[in-house]
Amino acid sequence: MIRTGLPVPAFRELPPDPACACPGCRTAGRQPMRPTAAPAPACTRATRLGALTAVAGFVVAGFGAAQAQAAPAHHGTEVMPTGATATATVRTAAASRPATTREQILARARSWVDAGIPYSQSRWHQGYRTDCSGFVSMAWGLGTSHWTGDLHTYGVRISKDELRPGDLLLFHNSGAPTSGSHAVLFGGWADSAHTRYTAIEMTSGRGAVERTVPYAYFSHSGSYVPYRYAGLREREGGGAPESGSGFPGAGNFGPGAHNAHVTRLGTMLAARGGGRFYRSGPGPRWSTADEAATRAFQQAQGWSGADADGIPGAATWRLLTEGRGNDIGGGGRADGGGSGAGPAPAFPGADRFGPGRSGPHVTLLGRRLVRKGFGGSYGEGPGPTWSESDRRAVAAFQRAQGWAGDDADGYPGAQTWSRLFS
């Protein structure tokens, strides 16, 4: 059986020495601390790491190569806390769990994937160590880098069937922590049998990557334990996120705004009939198109005055993220009901569909497939998270168009979208 509690570990990843002026400590991405009156004459971090390497050098030089032949490399040597330091680390982890949402977790994780951040246990990016546990610490918004031996203290253990995007699959080899320990974010199931899933992870061979892997992983599969972040702003059991479905705040929108929330807003509006307002984009910089599309969506709900000012509030955001409310134009419902015949929603892009993807455009696609008579694959739903049922329904629709092979692979392109909503 897999134990729910992990023993106090033996070592810890060493942060940069704030009193040291060596290039490694100076450029490690940490904010400098107040210098001590008598700084160490040599880099104590390097000395300690050197001593550890002398003991565990076979792991760095030998284990990694052997592991690469057996399975895709993922986690290198990990340095862990000892004694009182270890106890303090675990207590700190249990006491502080900053609130976040699934959307924020996935957005942070994919920002490293999109940027191609390389793997390293001695480098830092955005204040986090760029190895597997530092990557999860960043995605969960923990404020500092943790390791495979204490990440579980930030989570609540769940079952395989409860896994949802943003959750964690964790393997900590307590007997030999440097031997295969790994942390990987769950991005969603890739098949209906739940034998493969989308992993968002930091690997020693490929850096930050999003890919399909076997459950639970290539190696040590039976030893991975699923966890859900304890600070998640969500009702247990899969309910809708609280606080306006993760509404980032009105201050993230309007003239001068430039961030990922603007892009997401525009993408959701385009999927709900607002595509005609955009000559290009949507993009991260707020534009008059974003304002016009937001106002049109608000007016489609029957709102007016200050409630339809073109700046999204929590209610607007909730309807968009949950795929509810009236679409822009015609007054039809988001599920295709109603008598209005507004313009076809703009195709949101092929990258919005597939394993691990989630959003109102997925719900819109599924409901349209059901309305067109291609909903036989849905045991439940459709819903906002892409599933094998969605892929099968799309494939059935594509075959009905006379397509075959790669043209009927179950993933919607612009032509599939156009015909589906014609």
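In the predicted model, Gly-402 adopts a positive phi of about 90° just after helix α11. The helix that precedes this glycine comprises 13 residues, 388-400, and at 1.5 Å a residue a span of 18 Å is expected for α11, which agrees with the 18 Å that separates its end C-alpha atoms.

The buried residues of α11 begin with Glu-388, Ser-389 and Asp-390 and continue with Ala-393, Val-394 and Ala-395, followed by Phe-397 and Gln-398. An α-helix has 3.6 residues a turn, so residues three or four places apart point the same way. The cover over the buried residues of α11 includes two further helices, α10 (360-371) and α12 (414-420).

A separate element of the model is an open sheet, in which six strands are arranged in the order β3-β8-β4-β5-β6-β7 with antiparallel pairing. Its edges are formed by β3 (155-157) and β7 (207-214), each of which pairs on one side only, and the twist from one strand to the next averages 35°. Within this sheet, β4 (residues 168-171) and β5 (residues 182-189) are joined in the antiparallel sense over four bridges, and Phe-171 has His-182 in β5 as its bridge partner.

Helix α5, which covers residues 132-139, lies across four strands of the sheet, namely β4, β5, β6 (196-203) and β7, and runs at about 50° to β5. The strands crossed by α5 thus include the edge strand β7, as well as the antiparallel pair β4 and β5.

Terms used:
Residues are numbered from 1 along each chain as its sequence is written. This is a predicted model: local features need pLDDT of at least 70, side-chain atom pairs count only at pLDDT 80 or more; totals for chains, interfaces and linings use all residues. Side-chain values use heavy atoms; hydrogens and water are left out. Helices (H or I, at least four residues) and strands (E, at least two) are DSSP runs, numbered from the N terminus. The expected span of a helix is 1.5 Å times one less than its number of residues. Buried means under 20% relative accessible area, exposed over 50%, partly exposed in between (1.4 Å probe, protein chains only). Contact means heavy atoms within 4.5 Å. Two strands pair if DSSP finds at least two bridges between them. Axes are lines fitted to C-alpha atoms, for helices over the stretch in contact, and angles run from 0 to 180 degrees between N-to-C directions.
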